[in-house]
Amino acid sequence: MTGLYTRWALILGATLLLAILTYQHYQQHLSTLSMGTLLSSPPVTQPVRIQGMVKSGTLQGDVEHGQATFEFVDGDTSLAVEYQGPPLENIRELKTLVLIGRWDSQAQIFRAQDTALINNFGFVAAAYLISVLALGWMVFAMSQRVMVLFKEIKESKLYEPEADSLGYKE
């Protein structure tokens with residue numbers, strides 16, 4: 001039974017380590033900032049992701065060639081965006097987007113260089129977690145049942161008489 005618990009402790013430890021690394025990856029590369037947080041935080045040098053909607057009547061520039069300017073709104077907060085990057089297929093007014101870029105606090109312009117999909121990582125993570133927990137529980141229950149069967153077989157064989165090398169029972 002000690003080997004069984006050691007094995008499960010290793011599996012749980014590996015799962016916990018994987019969860020911690022996944023959370024760190026999410027925080028560093030996939031999480032989005034609200035515009036209010038971006039405007040109130042100190043200047044950052046790394047590209048950030050912000051989510052908002054293109055305000056109606058503000059989209060200008062050559063969208064098909066990847067250059068556009070528009071106003072980006074999120075609730076009561078808005079900021080000017082200057083986009084230069086790959087041609088945008090899905091940019092239009094009143095469209096909710098995630099923009100990747102840098103905030104230029106001196107010019108008060110968000111300089112976007114790419115877009116990303118709107119994330120719904122909470123739902124995806126919950127679905128994976130439920131699946132993995134159910135699968136883990138099933139494997140654990142199966143291993144427990146195998147241990148019980150092994151014990152029953154072992155105990156039933158203890159009381160059988162031993163056979164000599166020729167197969168004669170004593």
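**Core, ring pairs and enclosed space in the predicted model**

F70 has a relative accessibility of 4% and so counts as buried, the limit for that class being under 20%. This value, like those that follow, was computed on a predicted model. F72 is likewise classed as buried, because its relative accessible area is 0%.

Both phenylalanines belong to the largest nonpolar core, which has 19 residues. F70 and F72 are among the residues with the most contacts inside this core, together with L79, V81, L99 and F110. At least two residues of the core come from each of six elements: the helix α2 (35-40) and the strands β1 (48-54), β3 (67-74), β4 (77-84), β5 (96-104) and β6 (109-116). The surroundings of F110 illustrate how these elements meet. With neighbours within four places in sequence left aside, F110 contacts L38, V48 and I50. Its contacts also include the run L79, A80, V81 and E82, and the run L99, I100, G101, R102 and W103. L79, V81 and L99 thus appear both among the contacts of F110 and among the core residues with the most contacts.

Aromatic rings form 3 pairs in the structure. One of them joins F70 and F72, whose ring centres lie 5.9 Å apart with 65° between the planes. This pair is edge-to-face, because an angle over 60 degrees places a pair in that class. A second pair, W137 with F140, also has a centre-to-centre distance of 5.9 Å, but its planes make an angle of 35° and the pair is tilted. W137 and F140 are 3 residues apart in helix α3, and therefore about one helical turn separates them. The two residues fall into separate accessibility classes: W137 counts as exposed because its relative accessibility is 60%, whereas F140, at 24%, counts as partly exposed. Ring pairs also bring in W8, so that W8, W137 and F140 are linked into a cluster.

S143 is a further residue of helix α3. Its relative accessibility is 14%, and S143 therefore counts as buried. Apart from neighbours within four places in sequence, S143 is in contact with L4 and W8. W8 is therefore a contact of S143 as well as a member of the ring cluster with W137 and F140.

Open space was examined next. The largest pocket contains about 890 Å³ of space. Its lining is made up of 23 residues, and those nearest its centre are T15, A19, A125, Y128 and L129. Helices α1 (2-30) and α3 (121-158) each contribute at least two residues to this lining. The greatest contribution is that of α3, with 12 residues. By residue class, the lining consists of 18 nonpolar and 5 polar residues, with no charged residue.

The second largest pocket holds about 310 Å³ of space. It is lined by 14 residues, of which Q27, Q28, P47, V48 and R49 lie closest to its centre. At least two lining residues come from each of α1 and β1, and α1 supplies the largest share, namely 4 residues. The composition of this lining is 6 nonpolar, 7 polar and 1 charged. V48 takes part in the lining of this pocket and is also in contact with F110.

Helix α1 also holds H29. With a relative accessibility of 46%, H29 counts as partly exposed. In sequence H29 is 19 residues from L10, and the C-alpha atoms of the two residues are 28 Å apart in space.

Enclosed space was considered last. The count gives 1 cavity of 30 Å³ or more, and the largest cavity holds about 30 Å³ of space. Its lining is formed by L38, S41, P42, P43, V44 and W103. Of these residues, 5 are nonpolar and 1 is polar, and no charged residue is found among them. L38 and W103 line this cavity and are both in contact with F110.

Note on methods: Residues numbered from 1 in each chain as written. Predicted model: local features only at pLDDT ≥ 70, side-chain atom pairs only at ≥ 80, totals over all residues. Heavy atoms only, no water. Core = buried A, V, L, I, M, F, W, Y, C linked by side-chain atoms within 4.5 Å. Buried < 20%, exposed > 50% of the residue type's maximum accessible area, 1.4 Å probe, protein only. Contact = heavy atoms within 4.5 Å. 1 Å grid on protein atoms, 1.4 Å probe; cavity = no way out; pocket = protein on both sides within 12 Å on 5 of 7 lines; lining within 4 Å. Points joined across faces, edges and corners; volume = space filled by probe spheres on them. Nonpolar A, V, L, I, M, F, W, Y, C, P; charged D, E, K, R; others polar. Phe/Tyr/Trp six-rings, centres within 6.5 Å; stacked < 30°, edge-to-face > 60°.
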